[in-house]
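Colleague: I would like to learn how to read a structure, one feature at a time. Could you walk me through this one?

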Amino acid sequence: SGNFYKVMYSTSGAIGYVSQSFVEYVNTTGYLVCDVDSGTMNMRSGVGTSYAVIASIPKNAAFAYVTQITANGWYRGVYGNVMGYTTGEYTKYVLY
């Protein structure tokens with residue numbers, strides 16, 4: 001209530017509260033899945049392979065959808081506590 005959101009902040013279902021000033025609310029109907037044949041997919045700090053790798057996402061791992069960068073087929077998502085970008089070539093959007 002007030003200026004706080006009630007949030008689930010871990011995969012174990014832990015609940016807490018966070019100030020709205022620290023949260024970006026995203027209304028979505030789905031999530032992202034790493035769709036590589038084997039191994040991992042790189043999450044990068046920006047759109048493009050020239051940006052630093054900030055996380056490695058295992059095959060079939062699900063992660064939060066933020067937005068799609070339609071101009072070039074990349075997605076912005078959250079994996080664990082890292083927000084970054086993944087190529088649409090290896091990222092699948094799945095409806096809830």
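Colleague: Let me start with one residue: is Ser19 buried or exposed?

Modeller: The general idea is to compare the relative accessible area with a cut-off, and buried means under 20%. Ser19 has a relative accessibility of 19%, so this residue counts as buried. Keep in mind as we go that the model is predicted.

Colleague: Where along the chain is Ser19 found?

Modeller: Ser19 is found in strand S2. You can also relate it to a residue further along the chain: Ala55 is 36 residues away in sequence, and the two C-alpha atoms are separated by 26 Å.

Colleague: Val18 also interests me. Which strand does Val18 lie in, and is it buried or partly exposed?

Modeller: Val18 lies in strand S2. Values from the buried cut-off of 20% up to the exposed cut-off of 50% are called partly exposed. Val18 has a relative accessible area of 23%, so it is partly exposed. In space, Val18 is 5.3 Å from Phe4, C-alpha to C-alpha, although 14 residues separate them in sequence.

Colleague: How do I read a loop residue, and where is Gly73?

Modeller: Look first at the elements on either side. Gly73 sits in the loop between S6 and S7. With a relative accessible area of 28%, Gly73 is partly exposed. Its C-alpha atom is 9.4 Å from that of Val47, and the two residues are 26 apart along the chain.

Colleague: Now a backbone angle. What is the phi of Asn60?

Modeller: As a general idea, most residues other than glycine have a negative phi. In this model, phi of Asn60 is near 70°, a positive value in a residue that is not glycine. Asn60 belongs to the loop between strand S5 (53-58) and strand S6 (62-69). Its relative accessible area is 54%, which means that Asn60 is exposed.

Colleague: Which residues make the nonpolar surface patch?

Modeller: Here you look for nonpolar side chains that lie together at the surface. Tyr5, Phe22, Val23 and Tyr25 make a nonpolar surface patch of about 460 Å². Take Val23 as one of them: it lies in the loop between strand S2 (15-19) and strand S3 (30-34). Val23 is partly exposed, at a relative accessible area of 30%.

Colleague: How much space lies in the largest pocket?

Modeller: For a pocket, ask about its volume and then about its lining. The largest pocket holds about 980 Å³ of space. Its lining has 26 residues, and those closest to the pocket centre are Val7, Met8, Tyr9, Ala64 and Val78.

Colleague: Which strands supply the lining, and what kinds of residue are there?

Modeller: Strand S1 (4-8), S6 and strand S7 (74-79) each give at least two residues to the lining of the largest pocket. The largest share comes from S6, with 5 residues. By kind, the lining divides into 18 nonpolar, 6 polar and 2 charged residues.

Colleague: Finally, let me step back. How many helices and strands does the protein have?

Modeller: For the whole fold, count the elements and follow their order. The protein has 0 helices and 9 strands, and from the N terminus on the elements run β-β-β-β-β-β-β-β-β. The C-alpha trace spans about 45 × 25 × 25 Å along its principal axes. Of the protein's 96 residues, 27% count as buried, and Ser19, where we began, counts as buried too.

Key
Residues are numbered from 1 along each chain as its sequence is written. This is a predicted model: local features need pLDDT of at least 70, side-chain atom pairs count only at pLDDT 80 or more; totals for chains, interfaces and linings use all residues. Side-chain values use heavy atoms; hydrogens and water are left out. Patches are made of residues with over 30% relative accessible area and no salt bridge: like charges are joined within 9 Å, nonpolar side chains (Val, Leu, Ile, Met, Phe, Trp, Tyr) within 5 Å. Accessible areas come from the Shrake-Rupley method with a 1.4 Å probe; for residues, only the protein chains shown count as cover. A salt bridge is a side-chain nitrogen of Lys or Arg within 4 Å of a carboxyl oxygen of Asp or Glu. Helices (H or I, at least four residues) and strands (E, at least two) are DSSP runs, numbered from the N terminus. Buried means under 20% relative accessible area, exposed over 50%, partly exposed in between (1.4 Å probe, protein chains only). On a 1 Å grid over the protein atoms alone, a cavity is a set of points where a 1.4 Å probe fits but cannot get out, and a pocket is an open set with protein on both sides within 12 Å along at least five of seven lines; lining residues have an atom within 4 Å of a point. Grid points are joined across faces, edges and corners, and a volume is the space filled by probe spheres set on the points. Ala, Val, Leu, Ile, Met, Phe, Trp, Tyr, Cys and Pro count as nonpolar, Asp, Glu, Lys and Arg as charged, and the others, Gly among them, as polar.
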